[in-house]
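Biologist: Pull up a chair. I want to go through this one with you and ask how each label was earned.

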Amino acid sequence: MKSDNLFVIILLTLMMAMMAACQADLPDPTARAATTTPTTIEKTVPSAPTDTAVLPTAGTKPAEEIFSYPMITERQCELFVPAGDVFGETIQCGYVIVPADRANPESKEIQLAYVILKATGNNPQPDPIIHVSGGPGLSATTRSTIVELALRYTPMRERRDIILYDQRGVGHSQPTFECTDFIKDADAVQSTFDSYNACQEGLRKAGYPAETFTTAVSATDLLDVMKALEYPSYNLYGISYGSRLLMSFIHHYPDEALVRSIILDSVDTLPEDLGTEYRTATHLLQKDLFESVFNACTEDPACAEVYPDLRSRFDVLAGQLNETPLILDEFTTIDGDTLFQYFFPYNFAVQNIPFQPRLITELEQGITTTLDLIRLGQIPEPGTRTTFLPPEPPVVGDLLDLYLNCDDGSASDEVGQMTQMRSLWDAEPEIVAAFLNQSCDPETAAAAIEITDQNPSVFNHIISRFVPDDVQGLTPGINSKLNCTEQYPFHEDFSEIEANLQEAQLPDFYIEKTISEMLSIAEGCDAWQDALAAPTPQTYGGYPVLVLQGQFDSLTPPAWAETAVSAIPQAEYVLVPNAWHSIMGNNGPCPTNITQQFLTNPDADIDTACTEGMKVQFLLPLE
């Protein structure tokens, strides 16, 4: 699952040309402090739960082997350093080294990349937060992700260190589970099935068996990360697939003393043997989410008064449009199916929900004002969602044009230029001005400096174009492997699913799109049949657990969270109104306040009254 929302425009063909002799004179805000000498910590490390045999029941751990694991070693990081941070001091990087195959004493090693964002306040608490990313396969340590997560965790970081790490096979962790890196004879690969087969063979020959890349093994890796970093205790936060990993951890390690509390955000639930039902139910639950919008209006006295009988009116309107489509221009026709496509959850745009009753009323009268706003994407996303970069102001185009004029083709040290440019992230205007003066002719520099002086941090948009992330935000190989072996049903055909969707009276376009996507995802999955995960029993430890779930989450619907809450002994469930996927840090101060209450005292009752003020506010008709 995603959340995560990390999109960076990368223009690989545009490279800067600056005079190398001048670069040395510019200050570098990210100059590295000396890193600590790598240390080896002798530990008795439990073998990971195996997915190729019956998994241990809750509370039991497999036979132990003595390794020099986990180990910590240094890692060179090339980051965007946010304002106020200093690399090597408030931001620290490293690897936690664990065995690839815990059942093999001679196993190769896995390096788990981590970044620590040190607490910003005085007298921080001793128990940091570990961020467990989703996907599966999303990196937490790319340049853009670190900037975004630093923003999301700003309130929590005042009191605690924040630890970001990449799961095995992901992002900056080594090796990266990317099949193209392990397939030796690419010419022999004629299909997705061939690709996955070749990938498994390449992994095995390299000493990284595919069966060692599982959620259960990653749960043991997480325990090793905690042991290696040597904090007295930890708070674990998992988003989307990360919540699934944490549920695996809660099962396999039900009484780990290092764990103080657990937060599950936008729950991707267990057990695996319900994968077929869950994945199919996701699509069936779109119907429930669709109906929930009409229910929200009915339960809101003001909306119900202004827009009575909205649900039945929608059906009548859809039928009328199927009989007599609305032709907007030679390229745009609105029929009943098209109407569905503009309604949440079929377009995932939660920001459109307040407009939907008005949309129906207007279309009944042949008015397309609100329809045009929605179909042209002119309703902005909620301002509460945290992003790597703010919306791009118009002056970015002018600044980019000016900067491109500085390129005279004479640059020779591309790496040095990118390093210098990376150091300008969040830099003060005078530092950016010095860079522009040394990189551009006087007239161009003056025009560019006028823009950067008047628009603080606007140069970040230019940097993001010329200094792209050095790894992908999502690692496709591990995503495919885990989806195929743990999260996706194996079907020879999808006729039963299609019949269920039709029985639920979902729109034809949605059924066709769903089946097409399922077939695409399932293609080649049977190559992983020998690596299928065994079901994780629904028995969980008694940790304090906070479950945050969005009312309108169409990726991991509320029903999934409710399943998890019913199985976890001490889970406290907070359904956040008018919220989509990824709650903490993306929906204003209320969910953050709830999270902070929980972190202050995980065993105390939580005041959730602030969620009442988050309910969707439907817009009245235009005068």
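What follows is a chat about the labels used for this predicted model and the values behind them.

Biologist: Start me off with the overall picture. How many helices and strands are there, and what share of the residues is buried?

Modeller: The chain comes to 22 helices and 14 strands. Of its 623 residues, 55% are buried. As for contacts with a separation of 6 or more, 79% of them join residues 24 or more positions apart.

Biologist: Okay, H5 and H6. What makes them roughly perpendicular?

Modeller: Helix H5 runs over residues 215-229 and helix H6 over residues 241-252, and their axes cross at roughly 80 degrees. The bracket for "roughly perpendicular" is 65 to 115 degrees, and therefore H5 and H6 get that label. The axes also come within 9 Å.

Biologist: Which residues make that contact, and how do they divide by class?

Modeller: From H5 you have Thr-215, Ala-216, Ser-218, Ala-219, Leu-222, Leu-223 and Met-226. H6 brings Tyr-241, Arg-244, Leu-245, Leu-246, Ser-248, Phe-249 and His-252. By class, the residues of the contact are nine nonpolar, four polar and one charged.

Biologist: Let's pick on Ser-248 in helix H6. Why is Ser-248 called buried?

Modeller: Buried means under 20% relative accessible area. Ser-248 is at 2%, so it counts as buried. Leaving aside neighbours within four places in sequence, Ser-248 touches Thr-215, Ala-216, Ala-219 and Leu-270.

Biologist: And Asp-221, over in helix H5? Why does Asp-221 count as buried?

Modeller: Run the test again: the cut-off is under 20%, and Asp-221 has 2% relative accessibility, so buried it is. With neighbours within four places in sequence set aside, Asp-221 is in contact with Val-98, Arg-102, Leu-112 and Arg-168.

Biologist: What makes H17 largely enclosed by the rest of the structure?

Modeller: Eight of the eight residues of H17 are buried, so the helix is described as largely enclosed. They are Phe-459, Asn-460, His-461, Ile-462, Ile-463, Ser-464, Arg-465 and Phe-466. What covers them includes helix H13 (395-404), H14, H15 and helix H16 (442-454).

Biologist: Any holes? How many cavities of 30 Å³ or more turn up, and what lines the second largest?

Modeller: The search of the whole structure finds four. The second largest has a volume of about 70 Å³. Its lining is Leu-424, Asp-426, Ala-427, Pro-429, Val-432, Thr-452, Asn-455, Pro-456, Ser-457, Val-458, Phe-459 and Asn-460. Helix H15 (429-439) and helix H17 (459-466) are the elements that give two or more residues to that lining. Sorted by class, the lining has seven nonpolar, four polar and one charged residues.

Biologist: Asp-426 is in that lining. What is its phi, and why is Asp-426 called partly exposed?

Modeller: Phi of Asp-426 is near 60 degrees, a positive value in a residue other than glycine. Asp-426 is placed in the loop between helix H14 (414-422) and H15. Partly exposed lies between the 20% and 50% cut-offs, and at 24% relative accessible area Asp-426 fits that label.

Biologist: How do you know that Asn-123 is exposed?

Modeller: Exposed means over 50%, and Asn-123 has a relative accessible area of 71%, so it qualifies. Asn-123 is in the loop between strand S6 (109-117) and S7, with phi near 55 degrees, again a positive value in a residue other than glycine.

Biologist: Which peptide bonds are cis, to your knowledge?

Modeller: I can point to the bond from Gly-135 to Pro-136, with omega near -5 degrees, and the bond joining Gln-174 and Pro-175, with omega about -5 degrees. Pro-136 is in the loop between strand S7 (129-132) and helix H2 (143-152). Pro-175 is in the loop between strand S8 (162-165) and helix H4 (192-206).

Biologist: Last one, Glu-523. Why is Glu-523 called partly exposed?

Modeller: Its relative accessible area is 44%, so Glu-523 falls between the cut-offs for buried and exposed. Glu-523 is in the loop between helix H20 (508-522) and strand S13 (545-550). The C-alpha atoms of Glu-523 and Phe-193 are separated by 7.2 Å, though the two are 330 residues apart along the chain. Beyond neighbours within four places in sequence, Glu-523 is in contact with Thr-192 and Tyr-196.

Definitions and conventions:
Residues numbered from 1 in each chain as written. Predicted model: local features only at pLDDT ≥ 70, side-chain atom pairs only at ≥ 80, totals over all residues. Heavy atoms only, no water. 1 Å grid on protein atoms, 1.4 Å probe; cavity = no way out; pocket = protein on both sides within 12 Å on 5 of 7 lines; lining within 4 Å. Points joined across faces, edges and corners; volume = space filled by probe spheres on them. Helix = DSSP H or I, 4+ residues; strand = E, 2+ residues; numbered from the N terminus. Nonpolar A, V, L, I, M, F, W, Y, C, P; charged D, E, K, R; others polar. Axes fitted to C-alpha atoms, helices over the stretch in contact; angles between N-to-C directions. Parallel < 35°, antiparallel > 145°, perpendicular 65-115°, else oblique. Contact = heavy atoms within 4.5 Å. Buried < 20%, exposed > 50% of the residue type's maximum accessible area, 1.4 Å probe, protein only.
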